[in-house]
Amino acid sequence: MTHFQWSVLLEAMTRGERVARPKRKSEYSIYFGSSQAQRGWEALRAVRSSDLVDAWEHLTRNPESLTPLSYPLKGALSTVVKNGIEYTRWQLKLSKTQGSRIWYYVENQEVHIEVVHTNHPRDTS
């Protein structure tokens, strides 16, 4: 195959392909912990895209940092047990004025999104 044929083939294969965001070694990977979390994420992406970008950056860079919008839940909601291991359950608000929240826990360099609330959850403590 000539250089020209190879470049045409490569262009045809990659044109229109979505470019995946690269990940730094220090960043966390994000996983959906349930189908509800995935549906909620997609619902928020449709209406609160800019806020969700900020949430993504927080979750991939420093998911266990205390901020006015990110903190561990309290009481009965404060922990989650997965495979016999207890983890701290965190809440991330998408903004100070809106009710949307993401509940997640962190395991090593992985953020597991359990629930995405598109409105203020009733049982937040």
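User: Contact means heavy atoms within 4.5 Å. In this predicted model, what percentage of the contacts in the protein chain with a separation of 6 or more is accounted for by residues 24 or more positions apart?

Analyst: The predicted model has three helices and seven strands in its protein chain. From the N terminus, these elements follow the order α-β-α-α-β-β-β-β-β-β. Among contacts with a separation of 6 or more, the part due to residues 24 or more positions apart is 50%.

User: Which strands stand at the edges of the open sheet?

Analyst: The open sheet has five strands in the order β1-β7-β6-β5-β2, with mixed pairing. A strand with a single partner has one side left without a neighbour in the sheet, and this applies to residues 29–32 and residues 70–72, so the edge strands are β1 and β2.

User: By what angle are neighbouring strands of this sheet turned against each other on average?

Analyst: The strands concerned are those of the mixed sheet β1-β7-β6-β5-β2. With direction ignored, the average turn between neighbours is 30°.

User: Which residue of β7 is the bridge partner of Ser29?

Analyst: Strands β1 and β7 run parallel and are joined by four bridges, with β7 covering residues 110–117. In β7, the residue bridged to Ser29 is Glu110.

User: Which helix that packs on the sheet makes about 20° with the direction of β6?

Analyst: Two helices may be considered here. Helix α2, residues 35–47, touches β1, β6 and β7, and its direction makes about 70° with that of β7. The helix of residues 49–61 also packs on the sheet, touching β1, β2, β5, β6 and β7, and its direction makes about 20° with that of β6. The helix asked for is α3.

User: How far apart are the end C-alpha atoms of α3, and what span should its 13 residues have?

Analyst: At 1.5 Å a residue, counted over one less than the number of residues, the expected span of α3 is 18 Å. The distance between the end C-alpha atoms agrees with this, and it is 18 Å.

User: Which residues of α3 are buried?

Analyst: A residue counts as buried under 20% relative accessible area; of the 125 residues of the protein chain, 32% count as buried. In α3, the cover over such residues includes β1, α2, β2, β5, β6 and β7. The buried residues of α3 are Leu52, Ala55, His58, Leu59 and Thr60.

User: What type of aromatic pair do Phe32 and Trp41 form?

Analyst: The count of aromatic pairs comes to four. For Phe32 and Trp41, the ring centres are 6.1 Å apart and the planes stand at 75°. Planes over 60 degrees apart meet the cut-off, so the pair of Phe32 and Trp41 is edge-to-face.

User: Is Trp41 buried or exposed?

Analyst: Phe32, at 37% relative accessibility, counts as partly exposed, and Trp56 falls in that class at 33%. Trp41 has a relative accessible area of 9%, and the cut-off is under 20%; Trp41 is therefore buried.

User: How many residues apart in sequence are the parts tied together by the pair of Trp41 and Trp56?

Analyst: Trp41 and Trp56 form an edge-to-face pair, 6.3 Å centre to centre with 65° between the planes. Ring pairs link these two residues with Phe32 into a cluster. Because Trp41 lies in helix α2 and Trp56 in helix α3, the pair ties together parts whose separation in sequence is 15 residues.

Terms used: Residues are numbered from 1 along each chain as its sequence is written. This is a predicted model: local features need pLDDT of at least 70, side-chain atom pairs count only at pLDDT 80 or more; totals for chains, interfaces and linings use all residues. Side-chain values use heavy atoms; hydrogens and water are left out. Two strands pair if DSSP finds at least two bridges between them. Helices (H or I, at least four residues) and strands (E, at least two) are DSSP runs, numbered from the N terminus. Axes are lines fitted to C-alpha atoms, for helices over the stretch in contact, and angles run from 0 to 180 degrees between N-to-C directions. Rings of Phe, Tyr and Trp (its six-membered ring) pair if their centres lie within 6.5 Å; planes under 30 degrees apart count as stacked, over 60 as edge-to-face and the rest as tilted. Buried means under 20% relative accessible area, exposed over 50%, partly exposed in between (1.4 Å probe, protein chains only).
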